[in-house]
Amino acid sequence: MAKELWKGNEAIAEAAIRAGCRCYFGYPITPQSEIPEYMSLHMPKVGGVFLQSESEIAAINMVYGASGAGARVMTSSSSPGVSLKQEGISYMCGAELPGVIVNVMRGGPGLGTIQPAQGDYFQATRGGGNGDYRLIVFAPANIQEVVDLMQEAFELADQYRMPVMMLLDGMIGQMMEPIEWKKPPVSPDDLPEKPWATTGTKEGRAPNIINSLFIDPEACNVHNKRLEEKYRRVIESEQRYETNDTDGAEVIFVAYGTPARLARAAAGLLEKEGIKAGVFRPVTVWPYPYEALHEVSLQDSVKAIVTVEMSTGQMVDDVRIGVNGVKPVSFIGQAGGVIPTPREVANAALKALGR
Amino acid sequence: MKLPEKQITIISGHYGTGKTEFAVNLAFAMARDGRKTALADLDIVNPYFRSYERTRELEREGIAVFVTSNFGKADIPALPPDIMSIFVNRQQQSIIDLGGDPVGARVLGYYQPQLDRVDFDFWFVINQKRVENRTIEGVVRYLRLTEAASKQRITGIVNNTHLGDETTAEVILRGDEFAGKVAEVINLPIICTVGEHRFEEKLKGRLNGSFFAIDRYMTKPWELSDHEGGQFAWQQET
């Protein structure tokens, strides 16, 4: 199929429909409002449900309900709206419900600004809701990757029976890039059965119960251990990352989303100055590709690791865990909607190298 | 391309058509032609990639820039009163960069009393590589919705068919053919076909519209700009 120009947010919505998602519940907020806008236009055309809920809290609980009934379902919002969804996300994890949650991050904390940021990394990867739970978190850096990962997000959510988050900064949601639709659309009728869903017993089986309440501590402990085992399987199988020019690099930038693009540009500037720089980009920020990062850091050529974020420093904690002290880790970032310039990023590398 | 003759040129089109890139380039072309030029960014739809982001470059060439309140950065934009001057100042030609869909075009309703008293053109930018512009029916639908929301008639079509970095002469040519068919169906002139300078030679004599060669100003934060001496234009270097 010929390439087309798509805005990140529109592409997410279309990719979800193509992945067989037929239920969208959400509430508008900049910079992701094109997602509900697109869904409102296109979901009815495929016989799906678009519902603008009265709040973000209502939307996530509608996702909980639809998912429990076996539907392929999603919601989307931006930072403050995703904060409101945290209780519902925790409940979905407790009840082992699949679903996709899109966060197109803006500057925070609180209402912050509508400009792009990455201040919700801790919330996404450590959990903003209560309890021992994890989300698979994808962090795409271009629109083609956004649409490719969106289908996978739904598949992994169903496979592991857990919510998957698409974590984008506002720039990825708002910018345009040429893409192609590589995979054929999925029909909801062709999806695997969900024998656990509350689809009605028709008096032929015992009722399925969707619940996150385990009042007996022993039972709750067993439930938690089972979730832990599931998360361990996700850690083993679902780590994704990309490297660019890391072989023999003197300095390695670690960045996800927009800062990964900035880091590539900064590496270009450094190359002109005779310094070999590479970029390590986690595509899943949970599970985090610690071992892969550790391995590139071990190279003799590597003198410094520089983390680039549109925050005051959150992913840098994971970078330190991955690098595990074998090389010095430093940080460059701007927050609140300010995007670091490639020159600033390159200068941070020069500083880390002591030049 | 023949530069605008009227006091006001309104530019609309679905987001992603490149209407802002066209508006910014048109302002530069008019200023470089020695005209007193203003650009009003009345886009109330898009939060990013707005013409006001190029204020520094525009003002350097003597172009007056007007923008929605809070320097364009609020998501509940208001229209500041100084924009009214573009309707009054007959010594100046102004471009209005309108929001990226029929909702954005609604702003014009507010200025209807002013528009009744000035000469203006209303150009609709199309990009066949955008989902809402894929078919003639799709373009006509958006064009009519834009007219209904703005309460004004569109007077010309601008073909800005492109694929960002992956644009080829062939993509522009197909878009120009498509624009020709759209123009015929709705009986409107093609004002121009837009493309970067590098395509000018290849497209010479092959277009329905006259060619309007542009530079790219609406770059992403990691893209080098030709106009800032190879610097990154997204924000001023610190």
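## Pro109 and its cis bond

Pro109(A) sits in a loop of chain A, between strand E5 (99-107) and strand E6 (113-116). The model is predicted. The peptide bond from Gly108(A) to Pro109(A) is cis. Its omega is near -5°.

## Another cis proline in chain A

Pro31(A) also belongs to a loop, the one between strand E2 (23-26) and helix H2 (34-42) of chain A. The bond leading into Pro31(A) from Thr30(A) is cis, and omega there is near 5°. Most peptide bonds are trans.

## Positive phi in chain A

Most residues other than glycine have a negative phi. Lys202(A) is not a glycine, and its phi is positive, near 50°. Lys202(A) lies in the loop that runs between strand E9 (176-179) and helix H9 (217-237). Lys202(A) counts as exposed because its relative accessibility is 72%, and the cut-off is over 50%.

Asp245(A) has a positive phi too, about 55°. The loop that holds Asp245(A) joins strand E10 (241-244) and strand E11 (251-254) of chain A. Asp245(A) has a relative accessibility of 54%, so it counts as exposed.

## A buried alanine in chain B

Chain B offers Ala23(B), which is part of helix H1 (residues 19-32). Ala23(B) counts as buried because its relative accessibility is 0%. Leaving aside neighbours within four places in sequence, Ala23(B) contacts Ile11(B), Leu39(B), Ile95(B) and Asp97(B).

Pro47(B) is 24 residues from Ala23(B) along the chain. Their C-alpha atoms are separated by 17 Å.

Technical notes
Residues are numbered from 1 along each chain as its sequence is written. Chains are lettered from A and ligands numbered from 1 in the order in which they are written. This is a predicted model: local features need pLDDT of at least 70, side-chain atom pairs count only at pLDDT 80 or more; totals for chains, interfaces and linings use all residues. Side-chain values use heavy atoms; hydrogens and water are left out. Helices (H or I, at least four residues) and strands (E, at least two) are DSSP runs, numbered from the N terminus. Buried means under 20% relative accessible area, exposed over 50%, partly exposed in between (1.4 Å probe, protein chains only). Contact means heavy atoms within 4.5 Å.
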